[in-house]
Amino acid sequence: MVDTQETFDFRSDTVTQPTAGMRAAMAQAKVGDDVFGDDPSVNELEERLADMLGKEAAVFVPSGTMSNQIGLRVHCSPGDEFICEAGCHIYNYEQGGYAQLSGLAVRTVEAPDAILRLEHISGLIRGGNDHLVRTRLVCLENTHNRGAGRIQPYDGVKEICDWAHKNGLLTHLDGARLFNATVATRIDAKRWAQHFDTVSICFSKGLGAPVGSALAGTREMIARARRHRKLFGGGMRQAGVIAAAALYAL
Ligand SMILES: Cc1ncc(COP(=O)(O)O)c(C=O)c1O
């Protein structure tokens with residue numbers, strides 16, 4: 001029964017408070033200096049998430065914004081362009097970090113209901129001419145925040161990613177709330193993730209942890225991501241205290 005005196009805060013899934021069990025896990029966490037790769041809790045979290053997503057490796061970072069920006073940097077070089085839906089977080093809410101931090105251009109596409117489909121983007125690949133930016137990457141967001149939490153249709157995601165790879169493009173998923181999609185569709189995280197070269201996950205959104213996100217991909221991509229994390233100021237020391245909360249959430 002709901003206590004009528006209790007108030008609920010529905011502004012965002014980011015205003016959650018860590019539970020007593022989560023706080024206990026944080027207090028007991030084994031820690032080390034994660035910049036040296038010495039934090040056992042961070043290492044466990046990265047391995048666990050990589051396994052859940054069917055990827056070779058993952059890197060723990062402070063925020064979803066950093067995780068996305070590192071993902072862009074891993075795939076693109078200055079003068080490259082990526083394609084995304086016009087309402088997505090990467091385009092709207094990260095201060096144009098792709099331009100500020102990595103010198104990238106973006107091609108946005110207005111899609112009905114925030115659902116990007118292949119027909120919207122199949123004519124957008126540029127390149128092969130010195131006047132043009134190079135189209136390099138497609139970014140999708142699932143679930144879609146500004147799209148009222150909409151789930152991208154699985155077959156449409158597969159179709160876009162297959163097309164991207166066939167045409168020499170890379171794919172990144174802003175999966176800040178991917179686990180909401182896995183619960184609602186009963187399609188597991190590995191199946192969603194298999195279509196993407198990198199996947200960003202937030203522990204501080206639907207999962208209720210206080211801090212943290214991670215980027216998963218191939219071992220080689222994540223090795224480069226670790227360098228970019230340091231460059232962007234995201235190298236953390238005894239981060240096991242917060243990784244323990246994320247492990248507890250998973
Ligand atoms: C879809 C999506 N991606 C990325 C982020 C960024 O996460 P953070 O606030 O941890 O930087 C958010 C934040 O709400 C989001 O909704």
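In the predicted model, S67 is a buried residue, its relative accessible area being 0%, and its place is in helix α3. Once neighbours within four places in sequence are set aside, the contacts of S67 are made with V61, H172, S200, S213, A214 and L215. One polar atom of the S67 side chain lies 3.3 Å from the backbone oxygen of A214. E81, by comparison, is separated from S67 by 14 residues in sequence and by 18 Å in space, as taken from C-alpha to C-alpha.

S213, one of the residues in contact with S67, belongs to strand β7, which spans residues 213–217. S213 is likewise buried, with a relative accessible area of 0%, which falls under the 20% limit for that class. Beyond four places in sequence, the residues in contact with S213 are V59, F60, V61, P62, S63, G64, S67, I201, C202 and F203. Within this set, G64 takes part in a polar pairing, since its backbone nitrogen lies 2.9 Å from a polar atom of the S213 side chain.

Helix α3, in which S67 lies, also contributes to the surroundings of the ligand: the helix covers residues 64–75 and, with three residues, gives the most to the shell. The shell as a whole consists of S63, G64, T65, N68, H89, E94, E141, N145, D174, A176, R177 and K205. When these residues are sorted by class, one is nonpolar, six are polar and five are charged. Oxygen atoms of the ligand are paired with several of these side chains, among them that of T65, in which an N or O atom is 2.6 Å from a ligand oxygen. A polar atom in the side chain of R177 lies 2.7 Å from an oxygen atom of the ligand, and for K205 the corresponding distance between a side-chain N or O atom and a ligand oxygen is 2.9 Å. On its own the ligand has 390 Å² of accessible area, of which the protein covers 83%.

The largest nonpolar core of the model comprises 48 residues, and those with the most contacts inside it are L53, F60, I121, V138, L178 and F203. For F203, the contacts beyond four places in sequence are with L45, L49, F60, G208, A209, V211, G212, S213, A214, A246 and L250. A second core, separate from this one, has 22 residues, including A57, M66, L72 and C84.

V138, which is also among the residues with the most contacts inside the largest core, is found in strand β4 and is buried, with a relative accessible area of 1%. Its contacts, again leaving aside neighbours within four places in sequence, are with I83, I121, I160, W163, A164, L169, L170, T171 and H172. The C-alpha atoms of V138 and L173 are 8.6 Å apart in space, although 35 residues separate the two in sequence. H172 is thus a contact of V138 and also a contact of S67.

Several backbone features are located in loops. The peptide bond from N142 to T143 is cis, with an omega near 0 degrees, and T143 is found in the loop that runs between β4 (134–141) and α7 (154–166). Positive phi values occur at Q95, where phi is about 55 degrees although the residue is not a glycine, and at A114, likewise a residue other than glycine, where phi is near 65 degrees. Q95 is placed in the loop between α4 (89–92) and α5 (97–102), whereas A114 lies in the loop between β3 (105–109) and α6 (118–121). With regard to accessibility, Q95 is exposed, with a relative accessible area of 69%, while A114 counts as buried at 9%.

Towards the start of the chain, V15 has its place in the segment before α1 (20–27), and at 29% relative accessibility this residue counts as partly exposed. V15 and P153 are 138 residues apart along the chain, and their C-alpha atoms are separated by 28 Å.

Methods. Residues are numbered from 1 along each chain as its sequence is written. This is a predicted model: local features need pLDDT of at least 70, side-chain atom pairs count only at pLDDT 80 or more; totals for chains, interfaces and linings use all residues. Side-chain values use heavy atoms; hydrogens and water are left out. A residue is near a molecule or strand if one of its heavy atoms lies within 4 Å of it. A polar contact is a pair of N or O atoms within 3.5 Å; within protein, one must be able to donate a hydrogen and the other to accept it, and residues adjacent in sequence count only if both atoms are side-chain atoms. Accessible areas come from the Shrake-Rupley method with a 1.4 Å probe; for residues, only the protein chains shown count as cover. Helices (H or I, at least four residues) and strands (E, at least two) are DSSP runs, numbered from the N terminus. Ala, Val, Leu, Ile, Met, Phe, Trp, Tyr, Cys and Pro count as nonpolar, Asp, Glu, Lys and Arg as charged, and the others, Gly among them, as polar. A nonpolar core is a set of buried Ala, Val, Leu, Ile, Met, Phe, Trp, Tyr and Cys residues joined through side-chain atoms within 4.5 Å. Buried means under 20% relative accessible area, exposed over 50%, partly exposed in between (1.4 Å probe, protein chains only). Contact means heavy atoms within 4.5 Å.
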